[in-house]
Amino acid sequence: MAGEPQGDCLFCKIVAGTIPATIVRETDTTIAFRDINPQAPTHVLIIPKAHHENAAALAAADPALTADVLREAQAVADEEKLDSYRLVFNTGSGAGQTVWHVHGHVLGGRGLDWPPG
């Protein structure tokens, strides 16, 4: 069920504290942690603590939580002293989503060309 922890979800396990992560910020509703395979000098993932498969599912189910995730992206950028950054939500395997728990990638600290990938 949407919002409920999933036993086979890597990010739900990070939320539960059963898998370690380098946490940079945590609120009542979100956790932000460093990506284990960084693609930029700053590469932080922001997830809601509630399980939702992707950004569209999160937005449909809980707009306030969606706003929390976006607000935390700015807070991470501020703490990392990023003048500019990219916020990416991959949706679906064809777009590179490999963990089926919505997560935003905050990327910065170097020039980010367009188009990506």
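Ile-31 stands opposite Ile-47 in strand β3. I start with that pair, and I should say at once that this is a predicted model. The two strands involved are β2 and β3, the latter covering residues 42-48, and they pair in the antiparallel sense over five bridges.

Now the other neighbour of β2. Strand β1, residues 23-26, runs antiparallel to β2, and three bridges join them. In this pairing Arg-25 stands opposite Ala-32. The connection from β1 to β2 is a hairpin of three residues.

How enclosed is strand β2? Of its five residues, 30-34, four are buried, so the rest of the structure largely encloses this strand.

Let me widen the view to the whole sheet. It is open and has five strands, in the order β1-β2-β3-β5-β4, with antiparallel pairing. Which strands are at the edges? They are β1 and β4, residues 86-88, and each of them pairs on one side only. On average, neighbouring strands are turned by 20° against each other, direction ignored. At the β4 end, three bridges hold the pairing between β4 and β5, residues 104-108, again in the antiparallel sense. There, Arg-86 stands opposite Leu-107 in β5.

Next, the helix α3. This helix lies across β1, β2, β3, β4 and β5, and runs at about 155° to β3.

That brings me to the nonpolar cores. The largest has 12 residues, including Ala-32, Val-44, Ile-46, Leu-58, Val-76 and Val-106. Two elements, β3 and α3 (63-79), give two or more residues to this core. The most comes from α3, with five residues. One member worth a look is Val-76. Leaving aside neighbours within four places in sequence, Val-76 is in contact with Val-24, Arg-25, Ala-32, Val-44, Ile-46 and Val-106. A second, separate core has nine residues, and among them are Ile-14, Ile-31, Leu-45 and Ile-47. So the pair I opened with, Ile-31 and Ile-47, belongs to that second core.

Last, a loop residue. Where is His-52? His-52 sits in the loop between β3 and α2, the helix at 55-61. Is His-52 buried or exposed? With a relative accessible area of 7%, His-52 is buried, because the cut-off for buried is under 20%. Apart from neighbours within four places in sequence, the contacts of His-52 include Ala-2, Gly-3, Leu-58, Leu-65, Trp-100, His-101 and Val-102. Of these, Leu-58, Leu-65 and Val-102 are also members of the largest nonpolar core.

Notes: Residues numbered from 1 in each chain as written. Predicted model: local features only at pLDDT ≥ 70, side-chain atom pairs only at ≥ 80, totals over all residues. Heavy atoms only, no water. Buried < 20%, exposed > 50% of the residue type's maximum accessible area, 1.4 Å probe, protein only. Pairing = 2+ DSSP bridges. Contact = heavy atoms within 4.5 Å. Core = buried A, V, L, I, M, F, W, Y, C linked by side-chain atoms within 4.5 Å. Axes fitted to C-alpha atoms, helices over the stretch in contact; angles between N-to-C directions.
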